[in-house]
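Welcome! Here is a short briefing to help you find your way around a structure you have not met before.

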Amino acid sequence: GTLEDLDALVANARARGIHILLDLVPNHTSSEHPWFHDPAKRDWYVWTDKPNNWESTFGGPAWTKHPEVGRYYLHNFLPEQPDLNWWNEGVRSSFEEILRFWFDRGIAGFRIDVAHALVKDAELRDNPGVDVDDSREQRVYNMNRPEVHDVYRRWRRIAREYEPERLLLGETWVPDIEELLKYHGADDELHLAMNFPFALADLDADELREIAERSEAHLRPDAWPVWCGSNHDIVRFPTRWCDGDEAKIRCALLILLAVRGTPILYYGDELGMEQVEITEDEQLDRAHSRDGCRTPMPWTREPEQDWWLSWGDTTRNVEDQRADRRSVLWLCRDLIELRSHLVGAYSRVEAPSGVWAWRRGESAVVAVNLSERGATIRGIEGTVRLDTQRRRDGETVSGALRLEPWEGVVLLPE
């Protein structure tokens, strides 16, 4: 497409109350980018004569020797993706120009790729050999450096030059909740920092509640959480969390759309779209074989053409679910509409094992049973505004709420 095509998209979306974000990749460029081949911009990338012990996220050393330059360049990902040097003021000012260019065209903000990884240790020190399950905790010097926060303070000042203020959403792969929430700053850095401890947890009431409540406890009063279950790098939640079970998929969507914060739905989540098995000879991804979460959107039961990857199960498709008011798609639509009634702070509601229940201020009670046993929550009153199976809408609850296995409800005050 062209810039004119994008301008038309932005204008048409805005007329419908929709705002467009773009994906920004400030950590690295392609090895084919003109910057990488410009001798005057050599210092715009990270080079060394003696590689340290940093490893690529995709395996192997994070350093490759450039045959013409005769030095090693850093790539935290693929060798074809050299990392930029964010200690260089030319890099910083160039990206600030990029932000202003798109903000001037009406783009509402950016999703910032690997937002935690831009700045590397200036001394290129070895990472410590830490024996941990999560390899991200080993990346002390090549990711999640404290100096990265200065970049986002500068970007936030630019975002505030516009009306309405432009949005900064960070892809922040930070395993420690307290470290993660530092990316909000003092309401002067990212607006939203993706919570991957939540996304990578199991669909377990205790585990999800603990992460959400720890996040709430450490959030500044002016900060706002964001939640997701799927994205382009991890196995889709309808498979990873739910094993394809529709009752579980509906419960997961209720959590994402009803807990306090901004939900991110990856395309297909609203259908319950599952991970697709991609055979080895069909795989295109050179990293972690992430192709299974990147397959085409099933708009109809019988796709009209082949695409770059195989189609998965198309029985969960847009056309059929639009026509079925009891479908997962309609559950998502109704939950999104209901979100305007879910206001106020998060507070826990005591519930039996396997159940996660909470209040949103005085506006609503949300309860979801993530277990194979029925459960009763006492001290609950209200009207069921929505339930995951769409059988109880309008039901009055007085004193006790009964939940079947893998069932969730939203109650509003009478």
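Tyr 152 is a good place to start in this predicted model: leaving aside neighbours within four places in sequence, Tyr 152 is in contact with Ile 112, Ala 115, His 116, Leu 118, Tyr 183, Asp 188, Glu 189 and Leu 190. Together with Trp 155 and Trp 356, Tyr 152 touches the most other members of the largest nonpolar core, which has 78 residues. Helix α9 (residues 246-258) gives the most to this core, with nine residues.

**The cores**

- Apart from the largest core lies another one, of 14 residues, among them Ile 377, Leu 401, Leu 403 and Val 409.
- As general background, nonpolar side chains tend to be buried together in soluble globular proteins.

**Glu 171 and its surroundings**

- Look for Glu 171 in the loop between β6 (167-170) and α5 (177-181).
- Is Glu 171 buried or exposed? Its relative accessibility is 1%, so Glu 171 counts as buried.
- The side chain of Glu 171 makes a polar contact of 3.2 Å with the side chain of Arg 111.
- That same side chain of Glu 171 also reaches the backbone nitrogen of Val 114, at 2.7 Å.
- Not counting residues up to four places away in sequence, Glu 171 touches ten residues' worth of surroundings that include Ile 112, Asp 113, Ala 115, His 116, Met 194, Phe 196, His 232 and Asp 233.

**Two buried arginines**

- Arg 156 lies in helix α4, and with a relative accessibility of 4% it counts as buried.
- The side chains of Arg 156 and Asp 187 are joined by a polar contact of 2.9 Å.
- Beyond residues up to four places away in sequence, Arg 156 touches Glu 165, Leu 168, Asp 187, Asp 188, Glu 189, Leu 190 and His 191.
- Arg 156 and Leu 190 are 34 residues apart in sequence, while their C-alpha atoms are 7.0 Å apart in space.
- Arg 145 is found in the loop between β5 and α4, and at 11% relative accessibility Arg 145 counts as buried.
- The C-alpha atoms of Arg 145 and His 116 are separated by 7.5 Å, although their positions lie 29 residues apart along the chain as a sequence separation.
- Among the contacts of Arg 145, leaving aside neighbours within four places in sequence, are His 116, Val 119, Lys 120, Asp 121, Arg 125 and Val 140.

**Helix α1**

- Helix α1 (residues 3-15) has 13 residues and reaches 18 Å from its first C-alpha to its last, close to the 18 Å expected at 1.5 Å a residue.
- Which residues of α1 are buried? They are Leu 6, Val 10 and Ala 13.
- Seen down the axis of α1, these buried residues fall within an arc of 70°, so they line one face of the helix.
- A general rule fits in here: an α-helix has 3.6 residues a turn, so residues three or four places apart point the same way.
- The buried residues of α1 pack against β1 (21-24) and α3 (89-104).
- On the face of α1 turned away from its buried side are the exposed residues Glu 4 and Ala 15.
- Gly 17, which follows α1, has a positive phi near 75°.

**A small sheet**

- Three strands form an open sheet in the order β2-β4-β3, with antiparallel pairing.
- β2 (47-48) and β3 (63-65) stand at the edges with a single partner strand each, so one side of each is left without a neighbour in the sheet.
- β2 pairs with β4 (residues 72-74) over two bridges, in the antiparallel sense, and Thr 48 stands opposite Tyr 72 in β4.

**Unusual backbone spots**

- For context, most residues other than glycine have a negative phi, and most peptide bonds are trans.
- Val 114 is not a glycine, yet its phi is positive, near 30°.
- Val 114 sits in the loop between β5 (109-112) and α4, and it counts as buried at 7% relative accessibility.
- Arg 390 also has a positive phi, of about 60°, although it is not a glycine.
- The place of Arg 390 is the loop between β13 (375-387) and β14 (396-403), where Arg 390 is buried with a relative accessible area of 15%.
- Glu 163 and Pro 164 are joined by a cis peptide bond, with omega about 0°.
- Pro 164 lies in the loop between α4 (148-159) and β6.

Note on methods: Residues numbered from 1 in each chain as written. Predicted model: local features only at pLDDT ≥ 70, side-chain atom pairs only at ≥ 80, totals over all residues. Heavy atoms only, no water. Helix = DSSP H or I, 4+ residues; strand = E, 2+ residues; numbered from the N terminus. Buried < 20%, exposed > 50% of the residue type's maximum accessible area, 1.4 Å probe, protein only. Polar contact = N/O pair within 3.5 Å; in protein donor to acceptor, adjacent residues only side chain to side chain. Contact = heavy atoms within 4.5 Å. Expected span 1.5 Å × (residues − 1). Arc of directions from axis to C-beta. Core = buried A, V, L, I, M, F, W, Y, C linked by side-chain atoms within 4.5 Å. Pairing = 2+ DSSP bridges.
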